[in-house]
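Welcome, and thanks for taking a look at this one with us. Here is a short briefing on how a couple of helices sit in their surroundings.

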Amino acid sequence: MKIAVLGAGRIGNVHASNVAAHSKVELVAIADPFIENAIKLTEIYGGKAVKDPMELIEDDSIDGIVIATPTDTHVDLMLSAARKGKAVLCEKPVDLNLERAKIACEELKNLDATVMIAFNRRFDPSASEIHQAIANGEIGELHQIMISSRDPGFASMDYLRHSGGIFRDMTIHDFDMARWLLGEEPIEVYASASRMLEPALEALNDYDTVMVQMTTRSGKQCHINCSRQAVYGHDQRIEAYGSAGMLMNDNLRPSTVRRYNQNATDSRSPLVHFFLERYADAYRKEMDAFVNMIGQPKAVPITPFDGYMALKLAECAQRSVESGKPVKVEV
Ligand SMILES: NC(=O)c1ccc[n+]([C@@H]2O[C@H](COP(=O)([O-])OP(=O)(O)OC[C@H]3O[C@@H](n4cnc5c(N)ncnc54)[C@H](O)[C@@H]3O)[C@@H](O)[C@H]2O)c1
């Protein structure tokens, strides 16, 4: 099977590397309007470099398209590729506009399209172990999910200006994780948000430090903490609490050695730096899931509807901050 990657930036590099390394598929091309970005990656991973992504979408010999372009291009590229009958792996978020995302999801459903949204954290080994343990009933009836999600360093103002805000850009991963682990849709969202790090975010109507609380119809609760900057590194933890026990994972470190001396006990190495390192394994497993669903439309593990719902929760959180009140989730 032949795969092309659209977008040769940070995440395009990860996907191109994983396609190139996969035994069942061939990386045939990378598209980027900044052709030098595409050339740089094809020199490492192979395939041809092109400027126009539509050239690859129109190419009948290509089976799968990976969309790793800026968010505002996702809907058009995803729909164009799906209309041509290609399998698609599309980066999160689906779009920054909920109505556009909804219309796209409806068309993709009508096309019976094979489109997966790249919520890579579902493929993180510890997250999937927690998901499986909940499903196996290891902690009895699930009552609460707690998610901590903090980035190691503040993003540039230029990035933040185009990000769509912390809920749509960053917490979106946690909204998806919450839905997946809860196994039920949240029906109410309450969020609070502060600018603890960068007052200039006010001009963008954005925040750097947020807390979200959600409740499902049966009363399950979820709490999400998000910060744009944790001085001790990339902090990514999940706790699941139930009637018969609790599950929790820990952050990743390059080494398991603990040091003891006059100044500290139980001192450990810093956390692995950021998402590219923390989720390297998850990105590989995500690519494997994508490859396995090509030609198997009923086997899409993360659907455009999942992408839409995560965006919907982000929107509800933003509205809750603005109103100071809990917001009902209307699908
Ligand atoms: N799942 C994750 O962990 C994760 C991590 C980072 C980024 N993302 C998402 O991936 C997307 C890209 O983010 P990034 O950080 O790689 O951005 P980036 O700016 O590093 O790279 C984007 C690349 O796409 C190219 N591009 C722009 N328009 C294009 C088009 N129409 N066709 C082809 N290429 C085009 C740009 O020239 C650039 O090289 C965003 O939607 C972002 O939210 C997801």
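Which residues are exposed on the other side of α2? They are Lys40, Glu43 and Ile44. Please keep in mind that this is a predicted model. The points below start with α2 and then turn to the pairing of α1 with α11.

**Helix α2 and its two sides**

- Helix α2 spans residues 35-45, and its buried residues are Ala38, Leu41 and Thr42.
- Because these buried residues cover an arc of only 100 degrees around the axis, they lie on the same side of α2.
- This fits a general pattern: an α-helix has 3.6 residues a turn, so residues three or four places apart point the same way.
- The cover over the buried residues of α2 includes helix α1 together with the strands β2 (26-31) and β3 (48-50).
- Just after α2 comes Gly46, which takes a positive phi of about 95 degrees.

**Helix α1 against helix α11**

- Helix α1 (residues 10-21) and helix α11 (residues 280-293) have axes that come within 10 Å and cross at roughly 60 degrees.
- That angle is why α1 counts as oblique to α11.
- The α1 and α11 crossing is right-handed.
- On the α1 side, the contact is made by Ile11, Val14, His15, Asn18 and Val19, while α11 brings in Tyr283, Arg284, Glu286 and Met287.
- By character, the residues in this contact of α1 with α11 comprise 5 nonpolar, 2 polar and 2 charged.

Terms used:
Residues numbered from 1 in each chain as written. Predicted model: local features only at pLDDT ≥ 70, side-chain atom pairs only at ≥ 80, totals over all residues. Heavy atoms only, no water. Axes fitted to C-alpha atoms, helices over the stretch in contact; angles between N-to-C directions. Helix = DSSP H or I, 4+ residues; strand = E, 2+ residues; numbered from the N terminus. Parallel < 35°, antiparallel > 145°, perpendicular 65-115°, else oblique. Left-handed = near helix turned anticlockwise from the far one by under 90°. Contact = heavy atoms within 4.5 Å. Nonpolar A, V, L, I, M, F, W, Y, C, P; charged D, E, K, R; others polar. Buried < 20%, exposed > 50% of the residue type's maximum accessible area, 1.4 Å probe, protein only. Arc of directions from axis to C-beta.
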